[in-house]
Amino acid sequence: MKKKEALIKIRGVQRTDGDDDVVELLTTGFFARKAGGYLISYDESSATGFEGAKTTLLYEGDQGRVTLTRSGSVNTQLIIEKGKRHQCSYDLGFGSMIIGVSCDRIQSTLSEDGGEISFGYSLDLNTALTSENQVMIAVFPQ
């Protein structure tokens, strides 16, 4: 499958100290099948706080893993893998830090016709929980 233009709907919920911060974004980007999974990419906007960055999400269904990479105004890579904790570099725009990423669920209905992927993960700093996160992405190839 070649890279296709796509309409991408994203909903992210970040829970910190019992408070939910919800971000919803409807944007255009690209969608492609990759060996063992799917690739979704789009440009960030001021709505997400990452304006000037490009986000690429690689879902590897056979591995049960999502790799979320942002490049440009920030450079970050999070590896979200069910049942595992990864240490990842997280760029805050004024410096980066190493954070722990633990995944509790990944669900996908992605196919060459688009579909949805959702995943939940927590972030920790020095093993102290900083946030719990839920991400839902729907892809509509054009």
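**A ten-strand protein and its largest pocket**

Thr27 makes contact with Ala6, Leu7, Ile8, Tyr42 and Asp43, leaving aside residues up to four places away in sequence. In this predicted model, Thr27 sits in strand E2. With a relative accessibility of 15%, Thr27 counts as buried, because the cut-off for that class is under 20%.

Stepping back to the whole chain, the protein has ten strands and zero helices. Read along the sequence, that gives the pattern β-β-β-β-β-β-β-β-β-β. The radius of gyration is 14 Å, close to the 14 Å that the globule rule gives for 142 residues, so the protein is as compact as a globular protein of that length. Taken along the principal axes, the C-alpha atoms fill a box of roughly 40 × 30 × 25 Å.

What about the surface and the interior? Of the 142 residues, 40% count as buried. The accessible surface comes to about 7,800 Å², and carbon and sulfur atoms account for 47% of that area. As for how the chain meets itself, take the contacts between residues at least 6 apart in sequence: 34% of these join residues at least 24 apart.

Next comes the empty space. Rolling a probe the size of a water molecule over the atoms shows where such space is left. Here, the largest pocket has a volume of about 690 Å³. It is lined by 30 residues, and the closest to its centre are Phe50, Arg70, Tyr90, Tyr121 and Asn133. Several strands give two or more residues to this lining, namely E1 (4-16), E2 (19-34), E5 (65-72), E8 (96-108), E9 (115-125) and E10 (128-141). Of these, E10 gives the most, with six residues. Sorted by class, the lining of the largest pocket holds 19 nonpolar, eight polar and three charged residues.

Phe50, one of the residues closest to the centre of the largest pocket, also turns up among the contacts of Ser45. Ser45 touches Leu25, Phe50 and Glu51, again not counting residues up to four places away in sequence. Ser45 itself is found in the loop between strand E3 (37-43) and strand E4 (53-60). Its relative accessibility is 24%, so Ser45 counts as partly exposed, a class that runs between the 20% and 50% cut-offs. Ser45 and Gln107 are 62 residues apart in sequence, and their C-alpha atoms are 26 Å apart in space.

Two other loops deserve a look for their backbone angles. Most residues other than glycine have a negative phi. Asp17 is not a glycine, yet it has a positive phi of about 50°. The loop between E1 and E2 is where Asp17 is placed. Is Asp17 buried or exposed? At 76% relative accessibility, Asp17 counts as exposed, because that class takes in values over 50%.

Further along the chain, Asn126 has a positive phi of about 55°, although Asn126 is not a glycine either. Asn126 lies in the loop between E9 and E10, and E10 is the strand that gives the most residues to the lining of the largest pocket. With a relative accessibility of 70%, Asn126 counts as exposed.

Technical notes. Residues are numbered from 1 along each chain as its sequence is written. This is a predicted model: local features need pLDDT of at least 70, side-chain atom pairs count only at pLDDT 80 or more; totals for chains, interfaces and linings use all residues. Side-chain values use heavy atoms; hydrogens and water are left out. On a 1 Å grid over the protein atoms alone, a cavity is a set of points where a 1.4 Å probe fits but cannot get out, and a pocket is an open set with protein on both sides within 12 Å along at least five of seven lines; lining residues have an atom within 4 Å of a point. Grid points are joined across faces, edges and corners, and a volume is the space filled by probe spheres set on the points. Helices (H or I, at least four residues) and strands (E, at least two) are DSSP runs, numbered from the N terminus. Ala, Val, Leu, Ile, Met, Phe, Trp, Tyr, Cys and Pro count as nonpolar, Asp, Glu, Lys and Arg as charged, and the others, Gly among them, as polar. Buried means under 20% relative accessible area, exposed over 50%, partly exposed in between (1.4 Å probe, protein chains only). Contact means heavy atoms within 4.5 Å. The radius of gyration is taken over C-alpha atoms; the globule rule is 2.2 Å times the number of residues to the power 0.38. Accessible areas come from the Shrake-Rupley method with a 1.4 Å probe; for residues, only the protein chains shown count as cover.
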